[in-house]
Amino acid sequence: MKKLIFILGFLLYVGSTNAQFKKGSPSSPSLLKGKAVYTQYCLPCHQADGGGVMNMNPPLIETTYVLGDKTQLINILLKGLNKPIVIDGDKYTNPMPAVSHLSDQQISDVLTYVRNSFGNKASAVSAAEVKAVRAKK
Amino acid sequence: MIFDLLYIKKFTSVFKPLYVHLDLNLFEMKKPNYKIFSLIAAVILMSYSFTDRKDDIENAGLTLPAGFSAATISENIGRARHIAINKNGEVYVRLAKLVDGKGTLFLTDDDKDGKFEVKFSFGDFSGTGIYIKNGYLYASSNEEVFRFKLDKEERVIDPNNPEKIITGLIAKNQHETKSLVVDNQDNVYVNIGAYSNSCQVKDRSLESPGMVGCPILDSAGGIWKFKADKLNQSYNNGEHYATGLRNVVGLDWNNATNSLFVMQHGRDNLNSSWPKLYTEKQSADLPAECLYQIKKGDNAGWPYMYYDQIQKKKILAPEYGGDGKKEADSKFINPTVAFPGHMAPNGLLFYTGNQFPEKYKNGAFIAFHGSWNRSPLPQEGYYVAFVPFKDGKPSGDWEVFAKGFAGVEVINSTRQAQHRPCGLAQGPDGSLFVTDDVKGSVYKISYNQ
């Protein structure tokens with residue numbers, strides 16, 4: 001019986017996330033392209049749910065980096081990051097490699113996707129913004 | 001330092017006992033209100049199905065071979081790493097993160113109800129390594145090793161004044177934990193993990209080459225041997241016992257062979273760093289997680305090679321000119337057992353008890369913490385495996401011994417696992433103890449036939 005109730009609950013839960021997913025990611029091609037970039041270049045470390053890996057790779061959920069200053073965020077991708085980060089008292093110790101080999105468009109797509117997935121809600125990052133940050137070095 | 005901190009808001013306290021991925025759901029819930037009803041209904045139904053007490057769940061949710069049973073003896077004790085058990089069956093657990101300012105827990109079952117309570121906690125340092133030998137409890141932080149004198153009941157006499165026997169070990173973010181074991185001659189073996197994935201010029205980056213004569217190996221990426229009874233030893237008076245080991249978390253002394261055995265965590269990122277050479281599938285399967293028997297002076301080959309368990313060969317690393325096929329220098333040692341990639345062996349224990357059936361005697365148990373670097377393919381591990389041994393050598397294939405820690409069938413994102421096996425210890429009655437560093441459960445596995 002418990003099992004049945006669990007399954008029922010689970011179905012409801014899955015149903016609601018699926019519906020949510022359709023709604024949360026508008027058919028905008030940028031988000032879809034961003035998801036593809038995420039899957040290939042970010043997911044191995046930050047995981048399918050954006051939740052990261054305990055003590056190693058930080059989550060991308062409502063962090064000040066993800067939601068905050070776009071220049072700083074773009075620079076994390078262009079230059080990488082190698083200083084231990086602490087989130088909720090947990091330290092994340094792996095380094096983030098630069099992904100400057102991605103195009104301005106790919107970086108804008110993936111950052112727009114990350115800023116609007118995993119529960120995040122923030123403005124899009126344009127290719128022009130990436131280009132400007134890259135030019136400054 | 002303030003600038004290094006990131007903050008995540010906590011929405012989840014009310015729903016803590018539920019699946020972690022529900023948290024996500026709650027984040028997403030903020031905008032469309034029409035979802036709230038179905039979500040609340042889902043949450044209530046799911047939490048109802050979870051109101052069972054853990055010990056009501058058969059075998060604490062684990063699947064075991066016939067005749068074995070399991071129970072959780074403690075829950076929510078913190079990030080439980082390695083574990084040591086004294087001769088009276090009382091339990092010491094190291095914590096990756098301090099709880100109330102302390103890093104080691106002492107658990108006892110005073111009322112004999114099968115549930116262990118924290119009797120006291122001590123040591124203001126977090127970490128992984130812990131071991132009992134010859135009247136001392138050894139415990140490591142990420143830079144140092146301490147030992148506490150035990151009384152004749154193997155309880156710590158003075159928890160506030162350990163001897164600092166080893167100090168100044170390198171801990172540069174990656175692979176910081178210092179696992180340890182003590183042999184029968186009062187020598188302490190300590191793992192010092194490499195602070196890198198594969199010694200690339202730019203760590204974990206696309207097609208970045210390996211550093212020539214990898215400088216990390218001078219002070220890390222190996223096992224160092226120290227005296228158990230000397231204070232303040234460091235690199236200058238320790239012995240560089242073995243090299244070419246990327247990171248070892250599980251290790252044990254095998255009394256049948258009178259030698260050290262270690263489980264290496266193999267390298268990551270074959271596909272993300274070398275997409276032209278490795279597919280996602282190859283990168284998920286490779287390289288092997290290796291069990292090595294270690295003799296003085298051994299070199300296991302990191303970062304110059306990895307072991308490919310499918311070709312059964314030592315393969316030159318792509319950072320050093322490899323292409324997935326070229327073989328590495330044969331001087332590097334061969335593994336004793338090669339497991340599939342990325343499963344993260346965090347605990348190793350040679351079973352010497354009399355409780356389990358004959359097959360298990362002197363065999364190796366390995367706690368696989370579970371993978372993350374198999375993404376985008378589903379994760380693997382999250383179980384305790386067993387390798388039978390006879391005359392100091394494996395006498396059969398490895399097998400899964402205890403599974404179900406994660407609580408879910410398929411794990412895509414590491415965070416979905418509710419428990420991850422980490423440390424192993426044997427009780428005086430021959431039962432096997434397993435820690436979990438996600439929720440802080442301690443499992444006891446017994447044979448009741």
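**Exercise 1. Find the acidic partner of B:Arg204 in a salt bridge and say where both residues sit.**

Solution.
- Step 1: B:Arg204 meets the side chain of B:Asp268 in a salt bridge, with 3.0 Å from N to O. The term stands for a side-chain nitrogen of Lys or Arg within 4 Å of a carboxyl oxygen of Asp or Glu.
- Step 2: This pair joins distant parts of the chain, 64 residues apart. B:Asp268 lies in the loop between β16 (259-264) and α3 (270-273) of chain B, and B:Arg204 in the loop between β12 (187-192) and β13 (222-227) of chain B. Helices (H or I, at least four residues) and strands (E, at least two) are DSSP runs, numbered from the N terminus.
- Step 3: Both B:Asp268 and B:Arg204 are buried. Here buried is under 20% relative accessible area, exposed is over 50%, and partly exposed is in between (1.4 Å probe, protein chains only).

A word on the ground rules: this is a predicted model, in which local features need pLDDT of at least 70 and side-chain atom pairs count only at pLDDT 80 or more, while totals for chains, interfaces and linings use all residues. Residues are numbered from 1 along each chain as its sequence is written, chains are lettered from A and ligands numbered from 1 in the order in which they are written, and side-chain values use heavy atoms, leaving out hydrogens and water.

**Exercise 2. Now locate the partner of B:Arg81 and give the sequence separation of the pair.**

Solution.
- Step 1: B:Arg81 forms a salt bridge with B:Asp437, at 2.9 Å from N to O.
- Step 2: The two are 356 residues apart, with B:Arg81 in strand β3 of chain B and B:Asp437 in the loop between β29 (432-436) and β30 (442-447) of chain B.
- Step 3: B:Arg81 and B:Asp437 are both buried.

**Exercise 3. Which residue of chain A does B:Arg79 reach with a salt bridge?**

Solution.
- Step 1: The partner is A:Asp90, and the closest N and O atoms are 3.3 Å apart.
- Step 2: The pair crosses between chains, from the loop between β2 (68-74) and β3 (80-85) of chain B, which holds B:Arg79, to strand β2 (residues 90-92) of chain A, which holds A:Asp90.
- Step 3: B:Arg79 has a relative accessible area of 16% and is therefore buried. A:Asp90, at 11%, counts as buried too.
- Step 4: B:Lys97 joins A:Asp90 and B:Arg79 in a network of salt bridges. Over all chains, the count of salt bridges is 21.

**Exercise 4. Work out the strand order of the open sheet that contains β24 of chain B, and explain which strands form its edges.**

Solution.
- Step 1: The 4 strands run in the order β22-β23-β24-β27 (chain B), with antiparallel pairing. Two strands pair if DSSP finds at least two bridges between them.
- Step 2: β22 (345-350) and β27 (399-402) of chain B each have a single partner strand, so one side of each lacks a neighbour in the sheet.
- Step 3: On average, neighbouring strands are turned by 30 degrees against each other, direction ignored. Axes are lines fitted to C-alpha atoms, for helices over the stretch in contact, and angles run from 0 to 180 degrees between N-to-C directions.
- Step 4: β22(B) pairs with β23 (residues 364-368) of chain B over 5 bridges, in the antiparallel sense. In this pair, B:Leu349 stands opposite B:Phe365.

**Exercise 5. Is strand β15 (residues 248-254) of chain B mostly covered or mostly uncovered, and how does β15(B) pair with β16(B)?**

Solution.
- Step 1: β15(B) is mostly covered, since 7 of its 7 residues are buried.
- Step 2: β15(B) and β16(B) are antiparallel partners over 6 bridges, and B:Asp252 stands opposite B:Phe261.
- Step 3: Their hairpin has 4 residues between the strands, and B:Asn258 takes a positive phi near 50 degrees.

**Exercise 6. Decide where chain B should be read with care.**

Solution.
- Step 1: Chain B averages a pLDDT of 90, and 87% of the residues score at least 70. pLDDT is the predictor's confidence in each residue, from 0 to 100.
- Step 2: The score stays under 50 over residues 1-34 of chain B and over residues 47-55 of chain B.
- Step 3: The model has 71 contacts beyond four places in sequence for residues 1-34 of chain B, and 15 for residues 47-55. A contact is heavy atoms within 4.5 Å.
- Step 4: Where pLDDT is low, the predicted coordinates should not be read in detail.
- Step 5: For the complex, the predictor gives an ipTM of 0.78 and a pTM of 0.86.
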